[in-house]
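Visitor: I should be grateful for a close look at a single part of this protein, followed outward into its surroundings. Please state the criteria as you go.

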Amino acid sequence: MADEEEGNLIEVRMDAHEEDETSVSEEEDLEEMSGDDLVSEDEDEAGAEAERGATTGDEGMPRHVQRALWRILVGDPASLGPEPTTHDELIQSLKRARVLLDQRVSRAMELIPRGSFVPEEQRGEAYLDCPLAVPQLGFNISAPHIHATCLEKLCLEPGHRFLDVGSGCGLVTCLGAYIVGKTGSVVGIEINDDALAIAEKNLASIKADCPEFALTACEVTFEKHNVFLPDPKGRLYDRINVAGTCPRSRVPSLLNLLREDGKLIVPCGSELQLYNKEGGGKMRMEVVSNVRFGTLVVPTDAEVVIRTLELDKKREIDLLRRGGPSP
């Protein structure tokens, strides 16, 4: 779902003790945010463009310099140990940094290697704890510590219905499928045809190569769909992960997809935000970290209206065919 970006994205973890929690009302505060709070698509594009110029220009920083800077940003390089070059080294690095703590998430990430989801020509960088741009396919793969943080904050449990927005290569979708197990359900949505194709291929490969995944994970469905357009099936989810920056004005649309007691984790502006849907239409929001993601593609209001009318017409035709009354 994220726009094309050809450079690394900068995502900086905050100290866990500096998290900020805010209680908001789903019906009032979120829908009445002031104009100063809104993040326009133009502003998001400008930020992404500036970032591309800073990291991927013809005379930009060499990759080894970027990686060194990255390790300084995410923590003390000495305490993190040597830069990981294998899957096992990456997992141990995440555990040393106390990013990977939950047993379910830890087992999923141990079982499902990032390298299996990265294009072959970039597998030499698959186990670095930094984001990886895949410009030839038009998407990015977030840093492993971001994947671990998002999954741990969502508190996925067996039986949950999980939606992965901007599923890209399918890595987080498959990690979620393993955690929720056979009694759960997982949907990954994308608007990028190339990303969908490689995600399906990666899913087939991990099923064939990893018997434990095949025996434990629920069925995974990848769909071409823009999350801001009406879902023909009207589905609701227990947990939602969003892999692209969402304008603040569109957050209520995502919250509407949550079941009660659901959780949504979404980049918004420069923050990674966690929403907890409580009873009585209340939302509790926690700022998890400062991040920079690619931006979600937001449909126009006209596209939303047209899609809604198409679905209404389809439902009416289906009712008539079944001999029921017209709504």
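Guide: F213 is in contact (heavy atoms within 4.5 Å) with L111, I112, C174, Y178, L203, I206 and K207, leaving aside its neighbours within four places in sequence. The model is predicted: local features need pLDDT of at least 70, side-chain atom pairs count only at pLDDT 80 or more, and totals for chains, interfaces and linings use all residues. Residues are numbered from 1 along each chain as its sequence is written, and side-chain values use heavy atoms, with hydrogens and water left out.

F213 also belongs to the largest nonpolar core, that is, a set of buried Ala, Val, Leu, Ile, Met, Phe, Trp, Tyr and Cys residues joined through side-chain atoms within 4.5 Å. Buried means under 20% relative accessible area, with a 1.4 Å probe and protein chains only. Of the 53 residues in this core, F213 is one of those that touch the most other members, together with M109, I112, F139 and I206. Helix α7, residues 171-180, gives the most to this core, with eight residues; helices are DSSP runs of H or I, at least four residues, numbered from the N terminus. Apart from this core lies another, of 22 residues, among them L258, C268, Y275 and M285.

In soluble globular proteins, nonpolar side chains tend to be buried together. Across the 327 residues of the protein chain, 51% count as buried. Among the contacts in the chain with a separation of 6 or more, 65% come from residues 24 or more positions apart.

Definitions and conventions:
Buried means under 20% relative accessible area, exposed over 50%, partly exposed in between (1.4 Å probe, protein chains only). Helices (H or I, at least four residues) and strands (E, at least two) are DSSP runs, numbered from the N terminus.
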